[in-house]
Structures are given as structure tokens and as C-alpha cells.
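Hi everyone, thanks for coming. I have a short tour for you today, so let's put the structure up and walk through it together.

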Amino acid sequence: MPSVGVANLGRVRLPAVVLVVLALLVAGCSSDRKAEPTTTEASPATLTPPKPPPPPPKRSKVHVIVFDGDTGAPVRNAVVHVGRFGGKTNYHGVAKIKIAHHARLEVNVAKRGYDAYSQRLQFRDRPKVGVRVYQAKLQWTRYGATAGRTQSHPLLKLRPPFRVVWSAPIGLMEFPSVVDADVAFVANYHAAVRALSMRNGKVAWKRTFGGIMAASPAIDGENLIVHAMNGHVYVLDRHSGRIRWSYRTGAPIESSPLVLDGVDYFGDWSGTVWALDLRTHRPRWTYRSGYKITSSASYAGGTVFIGDYGGRVLALNPRNGGLRWSGSVNGRVYGTPATDGGRVFVPSSTGGSLTAFSTRGARLWSLGTGSYVYSSPAVWNGRVYIGSYNGSLYCLSAGSGRVLWRFSSGGAIGGAPTVVDGVVYFANRQHRIYALNARTGRQVWRWPDGAFVPVAGNGRLLLLHGFSRLYAVAPKSRPR
């Protein structure tokens, strides 16, 4: 058979079996090449690009509208924070703030002259919320209104005639309520303390201590300070009435609290004057007078003044309790000295008198009424007001003690008079409250229920203290 060249192989007709074998060989070689491992390095064209970060969530805008709780006026330039986002109120009292999401968030409002506001509010379905803040100067946070126990509020502008906004049964009230941030705190003779809304008189909480009580509470920040005749000082959470802590003196306490820079100054029936540190819960000092004390303490010019049943007024150093001077009157001191204008005005119950000293201890003048003076004095605009069991309210010159006018009510006066907006109020034992022009003594209004200290309030409402019922009143000319 002649040989066949490679070049002529394509022309040679191969048998079918050979073709099948060649096809299988070719397929095997192709399979071997596919099974070879591939390189681990991918081509740049084959890399999957990383996903871009999600866009930041769109912030939502909310409006916080800030009102003055007493006057209703918008509060401008208040700093408002909603969560971690902040802003300022505009001319209309509105702060427009963008927040991350609508939820329940902490809202803080700050403005000079106003109490700080902090509360969690729900924004989920409420893009607009209104909040009320309160001027500290328009509140009534202690017995006697001021640290000097002047029984006069210099900034409230509320005059009769009045209309009743609400009233509430309380029980016998020998001492008046205190007010802050639209809440009134009042204690009755049966040692029950209530927190009432100034908006509608509803009771937010009530706590009973047992026994009796003859003192007003005092507001100190988030605390309510209460003195009881069971010999205890109670410090309550003002929002819930929960007792945070208490301190036992061992003797009945009739003094209302005088809280200055975190220290509560008061006296008790054992004759001890206390300076109780409300931060450490321990006394800073005590002073033993040797005579029963029912008087509350007052303060002026860096000195604490308090009276005792020995017929003395004691002037004490508030830092260490050292006696700076003492002055005698003609009978025991039941009521509270008032301090104003460099003078101390000291009532004497059994002496039936009011005596004035300088704050340095010089005796200035004295007035006898001829009858029991259970009342503490009020001081306003260079005048002193004192009630007597002879049924008369006296208006005296603070400088000379001269009687400027005298008003006879026909019933014994036991509680301190109170001056608001040029009107002096007092109650007598015939269960009447009288309102007189503080300059002239002319009667301008009368209320058919009263007993002891007649008035407290805030920038929006006055509280009239009846024998056992509390009345919130507003001037008739002011719209609801």
C-alpha cells in the first residue's frame, strides 16, 4: 500500500470507527483543560463595587411654643432643647427645631428669671407642643412671701373684686399655702398635706403624717419641706409627695421653714433653734434659747431673727448660730418677726404689742393694743400692719410707730395680714376676710369665709384661705 503524507491526510477517507475515536480524544483533552485550576486574581473588570452608604435620615421639624404660665404671654429668646437638638424661641415664643425622628423626647427650656423646665414629651403625632414656664419672682414659695417674712408680695398685680375660679375642701388651715409652677401646697391642722393644681383645684397627691400641723410648707427646688408637730422635718418629692428623707428633732415644730442656700432654719418647743443642712441631712448648728419657740425665723442683712416665749427676739449668725444680740419685749413672742428697711418688727402675744428694733439691736418704738397679739406683722411701703384680739387692724409708720389708721372689724384677728398690689387683707374670728386700701384703710372688698392668714397666690390667681376651704380667685375684669 502506498504511503500517505500528512498533507494528503485530509483527502483520505477515514473509516467511521476511527472518526469516533478521534472525537472522543478531542473531547477528553478539552475536559482536561477545563479542570485546570484558575488563577485567584480576578480582573478589575469583574470586581463587585461596594454599596454606597445609606443617606442620613431626613430630620423632621417640630415647634415648641413657650408661654409664661402666669401671664400667658409668649416667652421670647428662651433656649429650647429637644433631645440633642436645640434652638431659641422667636418673637411669638416659638422654637422651630429639626429632630432626627418623632418620638418621646426630653424637652428642656431655660430663660433667665424663669424656673428651669424639663420634661419628656411625645412628638410622634404632635409636631407642635406648648409648654409653660414660670417666673420665680411671681411665685409664693414660703410663709410670709419673702425671707424677711414681710407678708407682702411686691410683684403680684391682682386686685378685687374677684370671681371664683375653683374651690376645694381642705380642713382647718391655720397657716397658708405656698405656690410654685401652678401647683399649690397646703397643710391642714390634721397634718394632711395636699398638692393642688392652680388650674382647676384637682388634687395631684395627698400625704398624711398623723397628729397635728401648724406651719406652712416651703418649696426648695424639687423638694417640699414640711414641719410637723410630731417633731419631724419631712423632705418630700414635690411632684409625687413621696418622702425622700426625714429628720427627728425630738420636740414639736410650729415654725414654718426658712430655707436659705440649702439650709432650713426653724425653732421647736424645746427652745432649740436649728440650722438643718438639707444636703447632708444633718444640723449645721443648734442654739438653745431656754424657752419654747413657736415663731418662724426671718432673715435680713446676714442675720436670722426668731422670737421665743421668754419675750425675746434673738439675732443669730446663720453660719454658726452665734448670738449677735437679743432684745426684750413685754410678753412672750408667739408670732414671727418681720424684717424690712433695716428694722425688725416683733409681735408679743401676751404683751399685746408690736415692738420695733434696728437690725443691729437698738430698740426703736413699741405700740400696745391692750389685747392679745397672736398675729405676725406685715410690712409694705414704709408701713407696718398688725392685728389684735381687740378686733382692730392697725397701720403704723415703720419709722416712728405712729398709728396712721385703724380699722375695726368686730372680731378677734388671729392671723397675719397680707398685702398684695396695694391692698391689705386680714381675717377675723367671725369668719370674714376684709380687703382694705393699704394706704387709707378704706374697705374695698369683703369675703364671707376666713379664719387666720388670708392670702397666698401667684401671678395669675390669689388663694383665699377660708376656715376649712380654699378659694382660687381672679380679678373680675380679667377674661377666663
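Let me start with a question: by class, how many nonpolar, polar and charged residues does the lining of the largest pocket have? The lining has 12 nonpolar, six polar and seven charged residues. Before we go on, please keep in mind that this is a predicted model.

Let's stay with that pocket for a moment. Its volume is about 810 Å³, and 25 residues line the largest pocket. If you want to find its centre on the screen, look for Gln119, Tyr134, Ala181, Val183 and His239, which lie nearest to it. As for the elements behind the lining, two or more residues each come from strand E6 (117-122), strand E7 (128-133), E11, strand E12 (192-197) and E13.

Some of those strands bring us to our next stop, a sheet. E10, E11, E12 and E13 make up an open sheet of four strands, in that order, and the pairing is antiparallel. At the edges sit strand E10 (178-180) and strand E13 (203-208), each of which pairs on one side only. On average, neighbouring strands in this sheet are turned by 15° against each other, if we ignore direction.

Now zoom in on one edge. E10 and strand E11, residues 183-187, run antiparallel and are joined by three bridges. Which residue in E11 stands opposite valine 178? That would be phenylalanine 185.

Moving along the chain, here is another sheet. It is open as well, with four strands in the order E30-E31-E32-E33 and antiparallel pairing. Its edge strands are strand E30 (378-380) and strand E33 (403-408), and each pairs on one side only. Here the average turn between neighbouring strands is 20°, direction again ignored. Three bridges connect E30 with strand E31, residues 383-387, and these two strands run antiparallel. Within that pair, valine 379 faces valine 384 of E31.

One last stop, and it is a single residue: phenylalanine 85, which lies in strand E3, residues 85-88. Is phenylalanine 85 buried or exposed? Its relative accessible area is 14%, and because buried means under 20%, phenylalanine 85 counts as buried. Now look across to isoleucine 99, 14 residues away along the chain from phenylalanine 85. The C-alpha atoms of these two residues are separated by 6.3 Å.

That's my tour. Thanks for listening, and I'm happy to go back to any of these views.

Conventions. Residues are numbered from 1 along each chain as its sequence is written. This is a predicted model: local features need pLDDT of at least 70, side-chain atom pairs count only at pLDDT 80 or more; totals for chains, interfaces and linings use all residues. Side-chain values use heavy atoms; hydrogens and water are left out. Two strands pair if DSSP finds at least two bridges between them. Axes are lines fitted to C-alpha atoms, for helices over the stretch in contact, and angles run from 0 to 180 degrees between N-to-C directions. On a 1 Å grid over the protein atoms alone, a cavity is a set of points where a 1.4 Å probe fits but cannot get out, and a pocket is an open set with protein on both sides within 12 Å along at least five of seven lines; lining residues have an atom within 4 Å of a point. Grid points are joined across faces, edges and corners, and a volume is the space filled by probe spheres set on the points. Ala, Val, Leu, Ile, Met, Phe, Trp, Tyr, Cys and Pro count as nonpolar, Asp, Glu, Lys and Arg as charged, and the others, Gly among them, as polar. Buried means under 20% relative accessible area, exposed over 50%, partly exposed in between (1.4 Å probe, protein chains only).
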